Amino acid sequence: MTDLADLKTELLGAVEGAADGAALDAVRVEALGKKGRITAQMKTLGGLDADARREAGQALNALKDEVAAAIEARKAALEEADLEARLATESVDVTLPVRPQPEGRIHPISQTMEEVAAIFGEMGFTVVEGPDIETDWHNFTALNIPPEHPARQMHDTFYMADSADQLEGAAGKADGDDNAGGAHLHTGAMPGEGPERVIKLLRTHTSPVQVRTMLAQEPPIRILVPGRTYRCDSDMTHTPMFHQFEGLVIDEATHMGHLKGCLIDFCKAYFEVEDVPVRFRPSHFPFTEPSAEVDIGCSREGGELKIGAGDDWLEILGCGMVHPKVLEMCGVDPERYQGFAFGMGCERIAMLKYGIPDLRTFFDADVRWLKHYGFLPLDVPSVTGGLGQ
Ligand code: DAH
């Protein structure tokens, strides 16, 4: 029989020397497995006499227990070391600077555009855009704005340089001669149709996109037009560039009731006030007949504006049934089709909803302002998911 003390030293040494779980398992099999060395010793007990067998058996059992315990202890130690090593490599360096948060914000104008498009989109309107540089014909004439209309005066409209020369020339020559070159000559014919040069301007409203759409597509028409508009005006409540939404619906049986229902639904959805009072006030626009302006109910107690409560009114948009002359000029048969249109100031409704007191701050490009009033890029407005908060 092998000297047990040697075997013990050897096996315990092997256990201690096992560098990982696999090596330790190999030692276990070598010592305690079916063909292991301790097991082999056990098998020799049968050839001993009773006393020697008892003594050797006890010694072998003690060795077996000791080796098994050593293996368990080594196993625990290896696992512990393994964990330590993993913790060391996976540790978080708390001295690292925090991951930069997105700094950018969506401008309230962009957010409002998205909100309004989401509401009218639900109602079946399609978003359409048009050019910022328009012809005098699309911006005025086709919308039944006659030459002497105040909106045509130079102080309201930004004419393109070339056009301004034409206008100045026209002012001189036009005295007493209505057929002289210049603005008036362009008012009757569509650009390109007459012999005149086309007068270009920065559109003063989004309404010319009504004209472009009616010329380009057959009714039924149901469009929403967000866009930039320009007027030569700058004070507390006016900026030379601002934004509007235009709406146009043309169909065979569209009437004023549809106009009212559509705009009342819009006000409720946009201001998120179920019983917001809405008032249609008779008004005048050359391109609609009848025309109305829409006011929403509000209160201004203690200098704080509240939508939907109190007995004050705020004008938010202009609207009406499209004038038959406009339909005709845009190639739509007024005997067969009719429809409604509306126009709304984007800054205005954004200021009302988000409590932004000064119009001019919209265009200051002040990052602190944008951080305060702006929206997170993932706040995409939708009627079901929520509009801006
Ligand atoms: N274009 C008008 C403006 O800028 C607004 C407007 C009023 C548009 C009535 C419309 C309308 O389509 O029907 O003041």
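**Exercise 1. Find which side-chain and backbone atoms make polar contacts with an oxygen atom of the ligand, and describe the shell around the ligand.**

Step 1. A polar contact is a pair of N or O atoms within 3.5 Å; within protein, one must be able to donate a hydrogen and the other to accept it, and residues adjacent in sequence count only if both atoms are side-chain atoms. In this predicted model, local features need pLDDT of at least 70, side-chain atom pairs count only at pLDDT 80 or more, and totals for chains, interfaces and linings use all residues. Residues are numbered from 1 along each chain as its sequence is written, and side-chain values use heavy atoms, with hydrogens and water left out.

Step 2. The side chain of Gln210 has an N or O atom 3.0 Å from an oxygen atom of the ligand. For the side chain of Gln244, the distance from an N or O atom to a ligand oxygen is 3.0 Å. Phe342 takes part through a backbone N or O atom, 3.4 Å from an oxygen atom of the ligand.

Step 3. The ligand taken alone exposes 360 Å², and the protein buries 89% of that; accessible areas come from the Shrake-Rupley method with a 1.4 Å probe, and for residues, only the protein chains shown count as cover.

Step 4. The elements giving two or more residues to the shell are β5 (241–251), β9 (312–322) and β10 (338–345). Strands (E, at least two residues) and helices (H or I, at least four) are DSSP runs, numbered from the N terminus.

Step 5. The ligand is surrounded by 15 residues, the closest being His205, Ser207, Arg231, Gln244 and Glu246; a residue is near a molecule or strand if one of its heavy atoms lies within 4 Å of it. By class, the shell has five nonpolar, eight polar and two charged residues.

**Exercise 2. Trace the pairing of the strands that supply the shell.**

Step 1. Two strands pair if DSSP finds at least two bridges between them. β5 and β10 are antiparallel, with eight bridges; in this pair, Asp251 is matched with Gln338 of β10.

Step 2. β10 also pairs with β9, antiparallel over five bridges. Here Gly318 has Gly343 of β10 as its bridge partner.

Step 3. β9 in turn pairs with β7, antiparallel over nine bridges, and Trp313 in β9 stands opposite Gly297.

**Exercise 3. Which strands pair with β7 in addition to β9, and how are they linked to it?**

Step 1. Strand β6 (residues 278–285) pairs with β7 in the antiparallel sense over seven bridges. Arg281 is matched with Glu293 in β7, and a hairpin through two residues joins the strands.

Step 2. Strand β8 (residues 306–307) runs antiparallel to β7, with two bridges; Cys298 has Ile307 as its partner in β8. Six residues lie between β7 and β8 in their hairpin, and Gly302 in the turn has a positive phi of about 60°.

Step 3. β7 (residues 288–299) is mostly covered, with ten of its twelve residues buried. Buried means under 20% relative accessible area, exposed over 50%, and partly exposed in between (1.4 Å probe, protein chains only).

**Exercise 4. Why is helix α11 described as largely enclosed?**

Step 1. Eight of the nine residues of α11 (residues 346–354) are buried, so the helix is largely enclosed by the rest of the structure.

Step 2. Among the buried residues are Cys346, Glu347, Lys353 and Tyr354. Just after the helix, Gly355 has a positive phi of about 60°.

Key:
Nonpolar A, V, L, I, M, F, W, Y, C, P; charged D, E, K, R; others polar.
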